[in-house]
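Here are my notes for anyone opening this one up for the first time. Have a look at the picture, then read through the points in order.

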Amino acid sequence: MSTPTRTGTTVSMTVNGEQVDRHVDPRRTLSDFLRRDCGATGVHLGCEHGVCGACTVLLDGRTARSCCTLAVQAEGADITTVEGMADGAELHPLQEAFWKHHGLQCGFCTPGILLTVQELLADNPDPSDAEIREGISGNICRCTGYQFIVDAVREAAAVLREEKTAEVE
């Protein structure tokens with residue numbers, strides 16, 4: 001009787017500021033890796049085809065659909081999930097604005113939208129409502145009707161601009 005061999009490879013990446021080294025099956029998706037191996041349960045699985053945006057994470061500062069990305073493809077990358085947005089107990093300005101403006105209801109889509117908007121605001125710190133709507137167009141929300149999300153993004157953008165101005169002064 002032969003002994004089963006361990007197949008797969010070891011991946012190394014930074015997840016929410018923490019170095020992670022794990023042995024994975026080469027077919028394991030990044031979303032499964034983040035949820036099961038790293039405990040990042042804010043990474044949600046909706047369609048598992050990259051269409052709904054629920055699995056969105058930041059991979060080296062750019063949005064990526066983690067359900068369509070293999071964990072081995074993220075080797076050496078810096079991954080941010082919704083769990084990595086807050087600074088300890090202090091919410092990120094986007095999270096604060098979503099709470100204040102009721103930009104979420106059931107919350108299933110919220111992590112993906114927050115990370116999508118974080119990238120949007122990094123590229124365009126003062127987006128118009130139309131640009132916000134275009135920016136989140138790849139994220140499906142079945143509850144809010146989007147207006148409260150747009151309101152929250154607009155306010156968070158203003159707060160983040162103020163913070164950046166205060167840093168310069």
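**Notes on the model**

1. Let's start with helix H5, where the buried residues are Ile149, Val150, Asp151, Ala152, Val153, Ala156 and Ala157. Keep in mind throughout that this is a predicted model. Those buried residues pack against H2, H3 and H4. The length of H5 also checks out: at 1.5 Å a residue, its 22 residues should span 32 Å, and the end C-alpha atoms are indeed 32 Å apart.

2. Next, helix H3, which is mostly covered, with 11 of its 14 residues buried. Among them are Pro111, Gly112, Ile113, Val117 and Glu119. What does the covering? The list includes strands S3 (56-59), S4 and S5, along with helices H2, H4 and H5. As for length, the 14 residues of H3 should span 20 Å at 1.5 Å a residue, and the distance between the end C-alpha atoms, 20 Å, agrees.

3. Now the cores. The largest nonpolar core has 22 residues, and those with the most contacts inside it are Leu94, Phe98, Ile113, Val117, Ile149 and Val153. Helices H2 (93-100), H3 (110-123) and H5 (147-168) are the elements that give two or more residues to this core. Another core lies apart from it, with 19 residues, including Leu30, Phe33, Ala71 and Ala74.

4. Which residues does valine 117 touch, leaving aside its neighbours within four places in sequence? The answer is Leu94, Ile136 and Val153. Two of the names there, Leu94 and Val153, also appear in the list of residues with the most contacts inside the largest core.

5. On to the strands. S1 (residues 9-15) and S2 (residues 18-24) pair in the antiparallel sense, over seven bridges. Within that pairing, threonine 10 stands opposite histidine 23 in S2. The hairpin has two residues between the strands, and asparagine 16 takes a positive phi near 55 degrees there.

6. S1 has a further link, to strand S5 (residues 78-80): two bridges join them, and the two strands run parallel. Look at valine 15 here, since its bridge partner in S5 is isoleucine 79.

7. How many disulfides does the structure hold? Zero. A disulfide is a covalent bond between the sulfur atoms of two cysteines. Cysteine 47 has its closest cysteine sulfur in cysteine 52, but at 3.8 Å that is too far for a bond. Cysteine 55 has its closest in cysteine 67, at 3.6 Å, and this is again too far for a bond. The surroundings of the two can be compared as well: cysteine 47 counts as partly exposed at 25% relative accessibility, whereas cysteine 55 counts as buried at 3%.

8. Salt bridges come next, and a search of the whole structure finds eight. Side chains of opposite charge can pair when their charged atoms come close. One pair is aspartate 37 with arginine 28, whose closest N and O atoms are 3.3 Å apart. Both partners are partly exposed: aspartate 37 has a relative accessible area of 26%, and arginine 28 comes in at 23%.

9. Another salt bridge brings together the side chains of aspartate 123 and arginine 62, at 3.0 Å from N to O. Aspartate 123 sits in helix H3 and arginine 62 in strand S4 (residues 62-65), so the pair ties together parts that are 61 residues apart in sequence. Arginine 62 counts as partly exposed, at 43% relative accessibility. There is a wider network of salt bridges here too, linking Arg62, Glu119 and Asp123.

10. Lysine 100 and glutamate 155 form a salt bridge as well, with 3.3 Å between the closest N and O atoms. Since lysine 100 lies in helix H2 and glutamate 155 in helix H5, this pair ties together parts that are 55 residues apart in sequence. Glutamate 155 counts as partly exposed, at 26% relative accessibility.

11. Last, a loop. Where is glycine 145? This glycine lies between helix H4 (129-135) and H5. Glycine 145 is exposed, with a relative accessible area of 54%. From C-alpha to C-alpha, glycine 145 and leucine 104 are 9.9 Å apart in space, though 41 residues apart in sequence.

Key: Residues numbered from 1 in each chain as written. Predicted model: local features only at pLDDT ≥ 70, side-chain atom pairs only at ≥ 80, totals over all residues. Heavy atoms only, no water. Core = buried A, V, L, I, M, F, W, Y, C linked by side-chain atoms within 4.5 Å. Buried < 20%, exposed > 50% of the residue type's maximum accessible area, 1.4 Å probe, protein only. Helix = DSSP H or I, 4+ residues; strand = E, 2+ residues; numbered from the N terminus. Contact = heavy atoms within 4.5 Å. Disulfide = S-S within 2.5 Å. Pairing = 2+ DSSP bridges. Salt bridge = Lys/Arg side-chain N within 4 Å of Asp/Glu carboxyl O. Expected span 1.5 Å × (residues − 1).
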